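Hi,

Here is the structure I promised to pass on. Have a look at it first, and my notes follow underneath.

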Amino acid sequence: MVDKIKEHISEIEAFQARNMEEIESFRIKYLGKKGILNQYFAEFKNVSNDQKKDFGQAVNTLKNAAQDKVTALKEQLESTQEEKGIYGDLSRPGEPVEIGARHPISIVKNQIIEIFSNIGFNVSEGPEIEDDWHNFTALNLPEYHPARDMQDTFFIQTNPDVLLRTHTSSVQVRYMEENKPPIRTISPGRVFRNEAISARSHCIFHQVEGLYIDKTVSFADLKQTLLYFTKQLFGKSKIRLRPSYFPFTEPSAEVDIYWGLETETDYRITKGTGWLEIMGCGMVDPNVLQNCNIDPAEYSGFAFGMGIERIAMLLYQIGDIRMFYENDLRFLEQFKSSI
Ligand code: PHE
């Protein structure tokens with residue numbers, strides 16, 4: 001009988017299962033109620049006393065072998081199933097990879113940042129919800145200054161000291177308050193103006209403003225910096241500065257680039273002049289420096305500011321500013337190949 005048990009053991013060791021059902025029927029065959037093991041246990045009382053010890057040991061070994069085998073088979077099956085889960089069917093064609101596209105505003109913003117960082121400007125950011133000081137007063141726009149109407153403001157609740165910034169010049173004020181000259185920083189960000197929405201203007205748009213403050217900064221530095229910028233971004237090397245007015249700069253100017261008059265579109269967008277206005281600029285007003293604890297007798301600086309939407313509309317020939325905010329995939333997908 002002991003030999004028969006040994007045979008069972010080698011049978012168990014050689015057994016292989018392909019699935020859960022086969023493992024289960026194996027388990028029932030050996031360990032089930034009417035299984036082989038229970039039959040041996042029932043046999044025990046018929047075994048003569050001198051053989052009881054050997055027989056008992058053999059049955060126990062058989063029991064352990066069967067139990068261990070069931071556990072091992074289950075583990076084996078689970079791990080092969082896991083592997084299948086990871087690799088799947090390796091002969092299947094791959095899932096198509098959908099390449100996303102950056103928003104054109106982000107593309108142009110990054111280009112502008114890159115151009116200015118190449119000449120030593122860093123990037124500064126500030127809050128979109130501002131107080132009166134940083135958006136107006138520090139910028140030489142005291143209460144009741146008529147030029148406050150140049151930028152129609154959204155106030156938050158009824159508190160006139162809490163507003164949505166109308167330009168990122170507010171970030172420049174914060175930067176001057178916290179840093180000593182020399183300062184070379186650009187401030188990209190979202191700005192808000194209470195304006196009617198049309199093809200040309202929106203109540204939310206984006207700006208990049210620049211600020212350079214050091215001991216002998218001159219108007220010539222401003223002009224050269226802007227010329228470098230327009231060459232890099234538009235590939236155009238002719239600019240002109242027209243006298244203008246901003247409360248925070250003196251003198252102030254509007255910057256035009258010579259776009260050309262080669263196509264019909266050139267005629268249309270430049271109204272037949274060949275020139276396009278792209279930004280405002282000027283020498284920082286001494287009052288602004290003073291407000292930010294910078295001594296105007298020692299330091300001078302220039303500042304400039306431009307709307308990213310306007311630049312993107314020129315670069316990509318987009319006719320309606322509202323397209324930037326509609327999230328129409330047919331529009332956005334066209335920027336897939338851009339960086
Ligand atoms: N802050 C101005 C605006 O939003 C732009 C500007 C910045 C003009 C710096 C001059 C100098 O209209």
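**Around the ligand**

There are 14 residues around the ligand, and the ones that come nearest are His167, Ser169, Arg193, Gln207 and Glu209. Before you read too much into any distance below, do keep in mind that this is a predicted model.

Three of those residues are worth bringing up on screen. Two of them face nitrogen atoms of the ligand: a polar side-chain atom of Glu209 is 2.7 Å from one, and a polar side-chain atom of His167 is 3.1 Å from one. With Arg193 the partner is an oxygen atom of the ligand, 2.8 Å from an N or O atom in the Arg193 side chain. On its own the ligand would expose 320 Å², and the protein buries 92% of that.

Where does the ligand sit? You'll find it in the largest pocket. Strand E5 (204-214), strand E8 (275-284) and strand E9 (300-307) are the elements that each give two or more residues to the shell around the ligand. E9 supplies the largest share of that shell, with 3 residues.

**What the record says**

The UniProt entry, which is unreviewed, puts "domain: Aminoacyl-transfer RNA synthetases class-II family profile" at residues 108-326. In the model, that span is 30% helix and 30% strand, and its end C-alpha atoms lie 18 Å apart.

The same kind of unreviewed annotation, "binding site", covers Glu250. Glu250 is in strand E7 (residues 249-258). Leaving aside residues up to four places away in sequence, Glu250 touches Met283 and Asp285.

**Backbone oddities**

Glu250 comes up again here: the peptide bond from Glu250 to Pro251 is cis, with omega near -5 degrees. Pro251, too, lies in strand E7.

Another cis peptide bond joins Pro181 and Pro182, with omega about 0 degrees. Pro182 is found in the loop between helix H7 (169-178) and strand E4 (183-192).

Then there is Tyr144. What is the sign of its phi? Positive, at about 70 degrees, although Tyr144 is not a glycine. Look for Tyr144 in the loop between helix H6 (132-135) and strand E3 (162-164). I picked these spots out because most residues other than glycine have a negative phi, and most peptide bonds are trans.

If you only have a minute, go to the ligand and start from Glu209, with its polar side-chain atom 2.7 Å from a ligand nitrogen. After that, turn to Glu250, which the UniProt "binding site" annotation covers and which leads into the cis bond to Pro251.

Over to you!

Key: Residues are numbered from 1 along each chain as its sequence is written. This is a predicted model: local features need pLDDT of at least 70, side-chain atom pairs count only at pLDDT 80 or more; totals for chains, interfaces and linings use all residues. Side-chain values use heavy atoms; hydrogens and water are left out. UniProt positions are given in the numbering used here, feature names are shortened, and annotations may be inferred rather than shown by experiment. Helices (H or I, at least four residues) and strands (E, at least two) are DSSP runs, numbered from the N terminus. Contact means heavy atoms within 4.5 Å. A residue is near a molecule or strand if one of its heavy atoms lies within 4 Å of it. A polar contact is a pair of N or O atoms within 3.5 Å; within protein, one must be able to donate a hydrogen and the other to accept it, and residues adjacent in sequence count only if both atoms are side-chain atoms. Accessible areas come from the Shrake-Rupley method with a 1.4 Å probe; for residues, only the protein chains shown count as cover. On a 1 Å grid over the protein atoms alone, a cavity is a set of points where a 1.4 Å probe fits but cannot get out, and a pocket is an open set with protein on both sides within 12 Å along at least five of seven lines; lining residues have an atom within 4 Å of a point. A molecule sits in a cavity or pocket if more than half of its atoms lie within 2 Å of its grid points.
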